[in-house]
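Hi,

Here is the structure I promised to pass on. Have a look through it first, and my notes on what turned up follow below.

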Amino acid sequence: MNSQDILISKSRYMAGLRCDKLLWCTYNAKDLIPAPGRALQGRFTQGHEVGALATRLFPEGVEAAPGKYLAEDVVPATQALLGRRIPIYEAGFVHGSAYVKVDILNPVGRDEWDIYEVKSTTGYSPQKHLADVATQRYAVEGSGLKVRNCYLMHLNNRYVRQGEVDPGGLLTAADVTADVDGFVDRVEDDLGRMLQVIRAKECPEVAVGPHCLEIRECDLCPVCWKDLPEHHPLTLYSGRRLGFELLARGIEDLKDLHDGVYLGEKQRIQVEAVRSGQAFVDPRQVRSFLNQLRYPLSFLDFETLGTAVPLYNGTRPYQNVPFQFSLHVIDRPGGEPVHFSFLAEGKDDPRPPLLEALKSAIPREGSILAYNASFEKGRLRDLAGFDPSCGGWVQDVNARIVDLLIPFQSFAVYHPSQHGSASMKAVLPALTGLNYEGIDMGGEETGYEFIRITFNDTDKEEVKAVRRAMEEYCKMDTEGMIHILKKLKELAG
Ligand code: SF4
């Protein structure tokens with residue numbers, strides 16, 4: 001690859017700071033990088049919505065080159081606008097091998113400019129954002145402009161929507177100029193080094209390490225981690241740091257751990273289960289968990305949406321708003337489960353009809369099982385805040401909720417196939433052989449998919465198919481709990 005042709009964008013610069021292998025593959029083995037899934041697409045959409053709202057704070061501005069992404073289109077269009085001294089959205093600059101697009105470039109004073117980078121996060125994080133803004137300053141100044149200040153515009157998580165969204169209330173700008181000043185001088189050297197990496201004929205060898213999980217999991221983890229044994233040290237319960245240390249010392253399998261490595265009690269149970277290939281069970285603890293349960297038994301699960309720009313009155317950015325539930329009820333020992341469910345329809349606030357459906361479906365007595373119950377309890381408390389008239393009912397329901405996670409979080413039961421995780425997605429297949437295969441929906445996707453089919457003009461057949469998958473997915477969450485409970489009873493003897 002000719003260095004003359006290579007442009008390094010902000011995101012690729014960030015990739016290069018993380019890992020040479022990731023950077024090389026981004027240019028030379030693009031097919032290894034997976035296409036964004038539905039959840040990531042949903043996050044992109046949220047980011048675009050926040051970006052569009054931010055431009056309303058600079059109403060006299062114009063977009064440099066609408067619908068264009070390449071430097072050859074965006075840079076000349078930006079240059080043509082600079083003389084007008086108006087805010088420019090998506091202003092493009094090339095300097096050296098850096099190609100950046102500035103979300104909002106705002107003229108100040110006689111001949112200076114402020115840089116605004118808009119993020120759909122609820123705060124400024126130097127680790128996540130600083131390099132991004134610094135490359136912009138590098139390229140803008142390198143193109144001959146005077147930069148006065150750099151701002152990271154993010155969501156104000158105290159903002160509560162009432163009526164139309166107010167961009168001035170929803171967004172707030174952190175002045176990050178001083179941080180950028182301290183970073184920008186390294187950008188040129190970094191870019192030079194990155195060019196060499198990109199031009200290399202062979203993919204650089206990089207060992208897996210903490211950089212694979214920095215900020216968010218690297219897209220290439222499935223490629224780089226695929227040769228690790230099933231029980232590699234990164235599966236150690238609550239032991240990522242130790243796991244990376246062990247890998248660096250050449251220990252690739254938990255079976256090979258020697259006695260000199262200090263492990264916590266749960267980690268010891270895990271390693272023992274891996275060595276023996278058998279599940280660990282403490283029947284006394286399991287019995288004590290089961291003894292607290294009272295019939296009728298209910299199994300409850302919520303699905304929620306949490307958008308950057310609040311959708312409904314009275315909600316904040318990323319507030320988890322329940323729009324779906326699944327409930328199974330077993331009225332007596334040996335009884336058949338009866339299923340109740342709710343999935344909101346239309347653009348109105350889903351909470352009133354959901355609350356009504358839930359109140360009529362949940363039995364007035366008995367235990368209510370939820371997996372990782374603090375989430376369900378929290379959503380119920382939110383519902384009481386939304387509709388104070390149901391405060392007493394919520395209190396009663398929450399007092400009856402029992403967390404099915406407890407026997408697994410406490411390692412009263414641990415199966416080697418859980419791979420160090422107590423989540424339901426790990427426990428269900430390990431204990432019962434059941435899984436979510438064949439259901440075209442994932443936990444993180446449900447909220448984004450609900451928004452997509454509800455607030456966009458989506459084909460009716462697709463809407464039906466997505467709603468069906470949502471129903472199946474949420475139902476599986478509560479059905480899975482029934483199977484886990486049955487297994488716990490067997491294990492308790
Ligand atoms: S998974 Fe780790 S080693 Fe592989 S490319 Fe990503 S950061 Fe680099």
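Before the strands come up, one term: two strands count as paired if DSSP finds at least two bridges between them. Also keep in mind that this is a predicted model.

With that in hand, start at β9 (321–330). Strand β8 (residues 297–305) pairs with β9 in the antiparallel sense, over 9 bridges. If you want one pair to click on, Asp-301 has Ser-326 in β9 as its bridge partner. β9 also runs antiparallel to β10, and 6 bridges join those two. There, Phe-325 stands opposite Phe-342 in β10. How many of the 10 residues of β9 are buried? The count is 9, so to speak of β9 as mostly covered is fair.

Next, go to helix α13 (residues 351–361), where Arg-351, Leu-354, Leu-355 and Leu-358 are buried. Why do these four end up on the same side of α13? Because the arc they cover around the axis is only 100°. This fits a general point: an α-helix has 3.6 residues a turn, so residues three or four places apart point the same way. As for what lies over the buried residues of α13, the cover includes β9 again, along with β10 (338–343) and α14 (373–386).

Zooming out, the protein chain is divided into domain 1 (3–198), domain 2 (210–272) and domain 3 (285–491). The centres of domain 1 and domain 2, taken over C-alpha atoms, are 35 Å apart. Their contact takes 9 residues from domain 1 and 7 residues from domain 2. On the domain 1 side, α2 and α5 (126–142) each supply at least two of the residues that touch domain 2. By class, that side has 6 nonpolar, 1 polar and 2 charged residues.

Last, the ligand. Which residues are around it? They are Arg-18, Cys-19, Lys-21, Leu-22, Val-206, Val-208, His-211, Cys-212, Cys-218, Leu-220, Cys-221 and Cys-224. Two elements, α2 (20–28) and α9 (221–224), give two or more residues each to this shell. Domain 1 and domain 2 each contribute at least three residues to the shell. Sorted by class, the shell holds 9 nonpolar, 1 polar and 2 charged residues. So that you can link the two places: α2 gives residues to the ligand shell, and α2 also supplies part of the side of domain 1 that touches domain 2.

Happy browsing!

Terms used: Residues numbered from 1 in each chain as written. Predicted model: local features only at pLDDT ≥ 70, side-chain atom pairs only at ≥ 80, totals over all residues. Near = placed C-beta within 6 Å. Nonpolar A, V, L, I, M, F, W, Y, C, P; charged D, E, K, R; others polar. Domains from an automatic or database assignment. Contact = placed C-beta atoms within 7 Å. Buried ≥ 20, exposed ≤ 12 C-beta atoms within 10 Å, placed from the backbone. Arc of directions from axis to C-beta.
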